[in-house]
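Have a look at the chain below before reading on. The notes that follow go from the overall form to one helix and a few of its residues.

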Amino acid sequence: MNPMHQYMLDNYRAAQWGGRLPPQPGLHDWQVMRELRDYRDVQAVLAGHPVHGRLRAALTRLLHPRRPGTTGCH
């Protein structure tokens with residue numbers, strides 16, 4: 001059963017029982033993504049990590065690993 005079938009079934013049940021109609025699938029997806037990003041940013045700050053640039057830093061570490069015995073200066 002896909003989300004649209006579930007939505008139609010939930011609408012039918014709500015109509016039969018006189019309940020509230022559920023929100024349409026995908027209606028609040030962008031809001032959920034923004035809230036997830038905000039939650040991750042807060043968790044990063046609480047852990048003492050930078051909020052922005054984490055992906056670039058991780059990719060840099062993967063693509064350009066430091067050799068043992070070298071310092072962090074270029």
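Of the 74 residues in the protein chain, buried ones make up 7%. Keep in mind that this is a predicted model. The surface that the chain exposes comes to about 7,200 Å², and carbon and sulfur atoms supply 61% of that area.

The overall dimensions are worth a look next to that figure. For a compact globule of 74 residues, the radius of gyration would be near 11 Å, but this protein chain has 23 Å. Along the principal axes, its C-alpha atoms fill a box of roughly 70 × 25 × 15 Å. As for secondary structure, the chain has three helices and zero strands, so to speak an α-α-α order when read from the N terminus.

Let us now turn to the helix called H2, which covers residues 29-47. H2 has 19 residues, and from its first C-alpha to its last it reaches 27 Å, close to the 27 Å expected at 1.5 Å a residue. After the helix comes Gly48, with a positive phi near 85°.

Which residues form a nonpolar patch on the surface? They are Trp30, Met33, Leu36 and Tyr39, and together they have about 520 Å² of accessible area. One of them, Met33, lies in H2 and counts as partly exposed because its relative accessibility is 48%.

How many salt bridges does a search of the whole structure find? The search finds one. It joins Arg37 and Asp38, whose closest N and O atoms are 3.6 Å apart. In general, side chains of opposite charge can pair when their charged atoms come close. Arg37 is partly exposed, given its relative accessibility of 44%, and Asp38 is also partly exposed, with a relative accessible area of 40%.

Is Asp41, another residue of H2, buried or exposed? Its relative accessibility is 16%, and because buried means under 20%, Asp41 counts as buried. Leaving aside residues up to four places away in sequence, Asp41 touches Val51 and Arg54.

The table gathers the accessibility values for these residues.

| Residue | Relative accessibility | Class |
|---|---|---|
| Met33 | 48% | partly exposed |
| Arg37 | 44% | partly exposed |
| Asp38 | 40% | partly exposed |
| Asp41 | 16% | buried |

Methods: Residues numbered from 1 in each chain as written. Predicted model: local features only at pLDDT ≥ 70, side-chain atom pairs only at ≥ 80, totals over all residues. Heavy atoms only, no water. Patch = residues over 30% accessible without salt bridge, like charges linked within 9 Å, V, L, I, M, F, W, Y side chains within 5 Å. Areas by Shrake-Rupley, 256 points an atom, 1.4 Å probe, with all protein chains shown as cover. Salt bridge = Lys/Arg side-chain N within 4 Å of Asp/Glu carboxyl O. Helix = DSSP H or I, 4+ residues; strand = E, 2+ residues; numbered from the N terminus. Buried < 20%, exposed > 50% of the residue type's maximum accessible area, 1.4 Å probe, protein only. Expected span 1.5 Å × (residues − 1). Rg over C-alpha atoms; globule rule 2.2 N^0.38 Å. Contact = heavy atoms within 4.5 Å.
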